[in-house]
Amino acid sequence: MSDRPFHHGNLRSALLERAESVLRDRGLDALSLRELARDLGVSHGAPRSHFVDRQALLDALAERGFDRLAHAMREAAQTHADDVYDSLVAAAHAYVDFAVRDAALVDLMFARHLDEAAAGVQAAAGRFFATIRELVGTWMAALDGDDIERMSLLISATMQGIATFTAAGRVGPAQSDELIRDAVNGFLRSGHRRT
């Protein structure tokens, strides 16, 4: 029998924090509830009071990732709320920075078809894409555009591509910044008006 304690204050939060760290440093294959329990100094059964299995932990990580990414984009966009171009560039930078820093988490977030994901993951992904639609909607209203859904997906895919190249070292930080700015300029031009 283990002499480790079962309780750890806010164990769920501590497990998610530690899981993100393991995911970032060692990858998805290194994540296990038993290892997380050992890292946090609790009994090996303690995590099961919050996550019935490893997949439940992965779902919670994906849900939290979508919410954190949406929050980072909104916060960045707000720093330039008076300028559509700068607002989009700031939000795009927030997306790319997050996706480079937490590439394994972003891979996990987008690893499954959303219609097959757990309900909480689907809801968090919905909030994330709603954030992008909101940002794009503000921009497109300024440009008299009308296809917000298509443009939201295009912007998300473009930022994910830039992040993937940056994380892989195919482009450096300066080139990443240029690509973001070029992409935003391209989106603005596609709206038939450039700021």
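How many cavities of 30 Å³ or more does the count come to? Two. Some notes on those, and on what surrounds them, follow.

1. First, the basics. Keep in mind that this is a predicted model. The protein has eight helices and zero strands, so reading from the N terminus the elements simply go α-α-α-α-α-α-α-α. Of its 195 residues, 43% count as buried. If you look at contacts with a separation of 6 or more, 67% of them are between residues 24 or more positions apart.

2. On to the core. The largest nonpolar core takes in 62 residues, and the ones with the most contacts inside it are Leu-61, Met-73, Phe-128, Trp-139 and Met-159. At least two residues of this core come from each of H1, H2, H3, H4, helix H5 (103-109), H6, helix H7 (148-167) and helix H8 (173-190).

3. Met-73 is a good residue to click on. Setting aside residues up to four places away in sequence, Met-73 touches Ala-91, Ala-94, Tyr-95, Phe-128, Ile-132 and Leu-135. Phe-128 is also on the list of core residues with the most contacts, as is Met-73. You'll meet Met-73 again in the next point, since the lining of the largest cavity includes Met-73.

4. Now the largest cavity, which holds about 90 Å³ of space. Its lining is made up of Met-73, Leu-88, Ala-91, Ala-92, Ile-132, Leu-135, Val-136, Ile-155, Met-159, Val-184 and Phe-187. By class that gives 11 nonpolar residues, with no polar and no charged ones. H4, H6, H7 and H8 each put at least two residues into this lining.

5. The second largest cavity has a volume of about 30 Å³. Around it you'll find Glu-20, Leu-23, Arg-24, Asp-102, Ala-103, Ala-104 and Leu-105. Here the lining splits into four nonpolar, no polar and three charged residues. H1 and H5 each supply at least two of the lining residues.

6. Stay with Leu-105 for a moment. Is Leu-105 buried or exposed? Leu-105, which lies in helix H5, has a relative accessible area of 3% and is therefore buried, the cut-off being under 20%. Leaving out neighbours within four places in sequence, Leu-105 is in contact with Glu-20, Leu-23, Leu-61, Gly-65, Arg-68 and Phe-98. Among these, Glu-20 and Leu-23 also line the second largest cavity. The C-alpha atoms of Leu-105 and Phe-66 are 9.5 Å apart, with the two positions 39 residues apart along the chain.

7. There is a pocket to look at too. The largest pocket has a volume of about 210 Å³. Arg-74, Ala-77, Gln-78, Ala-81, Asp-83, Val-84, Ser-87, Leu-88, Glu-134, Leu-135, Thr-138 and Trp-139 form its lining. Two or more of these residues come from each of helix H3 (54-78), helix H4 (84-101) and helix H6 (119-143). Which element gives the most? That would be H6, with four residues. Sorted by class, the lining has six nonpolar, three polar and three charged residues. Leu-88 and Leu-135 may look familiar: they appear in the lining of the largest cavity as well.

8. One residue of the pocket lining deserves a closer look: Ser-87, which lies in helix H4. Ser-87 counts as buried because its relative accessibility is 12%, and the limit is under 20%. With neighbours within four places in sequence set aside, Ser-87 is in contact with Ala-77 and His-80. Of that pair, Ala-77 is one of the residues lining the largest pocket.

9. Last, helix H2, which covers residues 33-40. Leu-33, Leu-36, Ala-37 and Leu-40 are buried there. Why do they sit on the same side of H2? Because they cover an arc of only 100° around the axis. What these buried residues pack against is helix H1 (11-26) and H3. Just after H2 comes Gly-41, whose phi is positive, at about 75°.

Methods. Residues are numbered from 1 along each chain as its sequence is written. This is a predicted model: local features need pLDDT of at least 70, side-chain atom pairs count only at pLDDT 80 or more; totals for chains, interfaces and linings use all residues. Side-chain values use heavy atoms; hydrogens and water are left out. On a 1 Å grid over the protein atoms alone, a cavity is a set of points where a 1.4 Å probe fits but cannot get out, and a pocket is an open set with protein on both sides within 12 Å along at least five of seven lines; lining residues have an atom within 4 Å of a point. Grid points are joined across faces, edges and corners, and a volume is the space filled by probe spheres set on the points. Ala, Val, Leu, Ile, Met, Phe, Trp, Tyr, Cys and Pro count as nonpolar, Asp, Glu, Lys and Arg as charged, and the others, Gly among them, as polar. Buried means under 20% relative accessible area, exposed over 50%, partly exposed in between (1.4 Å probe, protein chains only). The arc is that of the directions from the helix axis to the C-beta atoms. Contact means heavy atoms within 4.5 Å. A nonpolar core is a set of buried Ala, Val, Leu, Ile, Met, Phe, Trp, Tyr and Cys residues joined through side-chain atoms within 4.5 Å.
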